Amino acid sequence: MGRGKYGLCKIHLSVQAPFDGRSSFPRRIRLCKTAIPVLLCMLSPAAAVVAAVRAAAGSRPAVRCAHASLLKEGLALHPPAPSLLVSAYAKCRLLPDARQLFDESPQRDLHLYSSLLAAISNSDSPALVLPLLRRMLSVDALQPDHFVLASIASASARLRSLSLGKQVHGHFVASPYSDDNVVKSSLIDMYCKCGVPEEARKVFDSMTAKNNVVCTALVSGYASNGYTDEALQLFRSMPGRGLFTWTALISGFVKAGESVRAVELFVDMRRDGVTIDDAFLLSAITGGAADLAALVLGSQLHGLSMRLGFLSSMMVGNALVDMYSKCSDIHSAREVFEEITVCDIISWTTMIVGEAQHGRAEDAFALYDRMVLAGVKPNEVTFVGLIYACSHAGLVQKGRQLFDSVKQEYGINPGLQLYTCYIDLLSRSGYLSEAEELITRMPYEPDEAVWGSLLSACKKHNNVEMSIRVADNLLELRPKYPSIYVLLSNVYAVNGKWGSVDTVRKLMANTKVLKEPGYSRIDVGRESRLFHAGEVPLDVREEILAFLDELAVEMRQRGYVPDTSSVMHDLEEHEKEHHLFLHSERLAVAFGILKSPPGSVIRVVKNLRVCGDCHTVMKLMSEIFQRKISVRDASRFHHFEDGKCSCSDFW
């Protein structure tokens with residue numbers, strides 16, 4: 001039997017044999033304690049080191065046991081022990097142990113640096129490669145080899161740091177390893193994740209040997225960054241397109257917001273007979289169904305996941321919870337969540353945010369309490385969901401307690417998104433001065449979302465002085481969202497600031513900001529209809545207009561008075577009312593009542609926020625026609641039933 005790199009022979013293979021996937025950790029540790037001393041006596045130092053570390057086979061206690069045995073025998077610092085132990089600790093997610101071993105090593109060579117850099121680049125703290133790299137270059141005066149360069153490129157990709165990635169690329173080109181395809185693969189991944197796939201293509205074209213893994217990385221980079229035609233062209237040129245490549249393409253399309261085309265590609269893949277033996281693809285395409293709010297498609301994917309045996313996958317379970325939540329079926333989302341065997345922070349947070357967006361604040365808080373009792377530490381997104389629930393239920397004191405606990409109990413520094421959510425809570429609830437003060441104190445520059453939230457609340461609470469002050473601050477930002485300009489124009493108009501109204505109009509014209517046209521989608525049976533504001537399709541025009549005329553008469557008899565405050569102020573009153581009359585969500589719900597089976601839930605998806613008048617009309621329609629109406633708008637879900645809404649008119 002021949003010897004390997006470190007003089008290993010048959011004895012190494014016989015020791016490795018017991019440590020297969022069926023071995024339990026206790027048995028592995030017992031074998032570690034008995035076999036390692038024997039190895040250390042029988043083999044050369046280098047061979048003994050390799051055998052001892054490999055025998056640990058990814059078990060935390062076993063790796064520590066192997067390290068202890070090597071220390072006892074005086075071999076812990078014998079090459080290649082330090083680099084092997086660093087890698088072993090890293091694979092067990094024991095990065096502090098790996099770093100301590102590195103720091104204690106009297107001689108740090110490229111192998112040791114390479115092992116630690118690779119571990120850090122794949123950890124939760126890839127930014128730690130930077131001080132380590134500086135130490136390697138300055139303190140130990142070592143120049144990076146191709147392994148080190150690949151690790152730094154991977155860290156750049158994870159950090160989305162294009163500047164660092166370009167520096168790595170420049171050093172690589174000037175190095176003796178400039179033809180190394182492994183480093184080039186890492187650079188391709190880095191450029192794609194930093195949003196410049198055209199640079200990735202240049203590296204790709206310079207490669208002497210291109211395999212499917214590299215091609216797939218570029219396909220994913222193209223698709224994820226919106227270069228869908230280039231992604232398809234490269235994909236179709238590949239000779240062997242397996243599940244891995246299909247997954248990269250489809251998930252990339254979903255990430256780029258091309259969910260319709262992603263679904264079409266998924267259907268093509270199924271027709272090609274590609275076997276789905278990985279949960280990630282099902283998770284990605286279910287996310288596409290969530291983005292489209294396509295409940296029927298999502299339910300079909302749920303069934304497919306069940307038939308393929310992936311319902312036990314936490315990844316698929318999380319995607320299904322998110323899908324049902326976004327498709328307005330919060331009850332099915334909760335059922336799927338309760339069936340997930342082991343929930344991670346994503347599972348809990350997805351369900352908490354779903355409950356919050358559906359106006360079920362108490363359910364969101366109860367889930368949070370369960371999560372804490374289960375020993376799962378919340379993250380910032382969890383608190384965004386919880387404070388969102390407070391904001392849309394008027395629970396100011398609860399929101400204050402939660403916001404304070406973020407830093408005090410969990411040591412999380414609140415980001416701008418969490419501050420924005422908390423400011424929205426204070427503003428909606430009438431604590432305008434406190435919200436304005438927090439804006440001036442927070443460690444972030446307020447953006448248009450922050451000022452827009454406060455301005456909307458000032459308008460609601462009729463605080464004229466503050467609304468003008470906030471509007472001026474917002475105008476200085478030159479907002480990019482059309483809805484902000486409409487809000488600004490209306491605030492200035494209500495307060496007689498016609499010069500400012502003119503400024504807003506000119507700014508919109510100069511920056512070419514157009515008011516986003518409202519549209520709503522509804523699925524009835526197998527038919528999907530898209531309605532735009534002010535436009536009624538010819539084939540149902542007479543039917544829908546007649547229905548709305550009769551509805552208007554019935555609503556006025558019940559005391560309905562149109563609320564035109566959300567319409568631009570340069571229109572006559574009757575024009576404003578006609579404008580409201582043809583809002584897209586109203587047309588979609590009318591179509592649903594006319595065409596759907598009696599008793600079925602009417603589900604509508606709108607691209608903009610529901611206006612106050614349409615909100616009132618939806619409540620009346622649910623009462624008049626005794627139908628459940630679910631509307632998903634740009635900010636939350638509204639469930640109308642018996643003349644009431646799940647948001648309690650607080651949205």
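Start by selecting V501, V504, L507 and M508: these are the buried residues of helix 30, where buried means under 20% relative accessible area, exposed means over 50% and partly exposed is in between, with a 1.4 Å probe and protein chains only. Look down the axis of helix 30 and these buried residues fall within an arc of 125°, so they line one face of the helix. That arc is the one spanned by the directions from the helix axis to the C-beta atoms. An α-helix has 3.6 residues a turn, so residues three or four places apart point the same way.

Before you go on, a word on what you have open. This is a predicted model, in which local features need pLDDT of at least 70 and side-chain atom pairs count only at pLDDT 80 or more, while totals for chains, interfaces and linings use all residues. Residues are numbered from 1 along each chain as its sequence is written, and side-chain values use heavy atoms, with hydrogens and water left out.

**Stop 1: the rest of helix 30**

Now select residues 498-510, the whole of helix 30. Helices (H or I, at least four residues) and strands (E, at least two) are DSSP runs, numbered from the N terminus. Helix 30 has 13 residues and reaches 18 Å from its first C-alpha to its last, close to the 18 Å expected at 1.5 Å a residue. The expected span is 1.5 Å times one less than the number of residues.

Which residues are exposed on the other side of helix 30? Colour W498, G499, A509 and N510 to see them. Then show helix 28 (464-476) and helix 29 (482-494), since the buried residues of helix 30 pack against both.

While you're here, click on T503, which also sits in helix 30. At 40% relative accessibility, T503 counts as partly exposed. Draw a distance from the C-alpha of T503 to that of S489: they are 14 residues apart along the chain, and the separation is 9.0 Å. Just after helix 30, look for K512, which takes a positive phi of about 55°.

**Stop 2: helix 25, well wrapped**

Jump to residues 416-428, which form helix 25. How many of the 13 residues of helix 25 are buried? Eleven are, so this helix is mostly covered. Among them are Y419, C421, Y422, L425 and L426.

What does the covering? Helix 23 (380-391), helix 24 (396-408), helix 26 (432-441) and helix 27 are included. At 1.5 Å a residue, helix 25 should span 18 Å, and its end C-alpha atoms are 18 Å apart, which agrees. After helix 25 comes G430, with a positive phi near 95°.

Keep helix 25 on screen and add helix 27 (residues 448-460): the two axes come within 9 Å and cross at roughly 5°. Axes are lines fitted to C-alpha atoms, for helices over the stretch in contact, and angles run from 0 to 180 degrees between N-to-C directions. That makes helix 25 roughly parallel to helix 27. Angles under 35 degrees count as roughly parallel, over 145 as roughly antiparallel, 65 to 115 as roughly perpendicular and the rest as oblique. In this contact (heavy atoms within 4.5 Å), helix 25 uses residues including T420, I423 and D424, and helix 27 uses residues including S453, L454 and A457.

**Stop 3: two antiparallel pairs**

Select helix 10 (residues 162-173) and helix 11 (residues 181-193), whose axes come within 10 Å and cross at roughly 155°. Helix 10 and helix 11 are therefore roughly antiparallel. Zoom in on the contact: helix 10 offers residues including H169 and F172, and helix 11 offers residues including L187 and Y191.

Next, pick helix 20 (residues 330-339) and helix 21 (residues 345-357), which pack at about 160° with their axes 11 Å apart. Helix 20 and helix 21 are therefore roughly antiparallel too. Their contact includes F337 of helix 20 and W348 of helix 21.

**Stop 4: two loop residues**

Click on N462, in the loop between helix 27 and helix 28. Its phi is near 55°, a positive value in a residue other than glycine. N462 is exposed, with a relative accessible area of 64%.

Then find D642, in the loop between strand 5 (637-641) and strand 6 (644-645). Phi of D642 is near 55°, again positive in a residue other than glycine. D642 is partly exposed, at 45%.

**Last stop: zoom out**

Show the whole protein chain, with its 34 helices and six strands. Buried residues make up 51% of its 651 residues.
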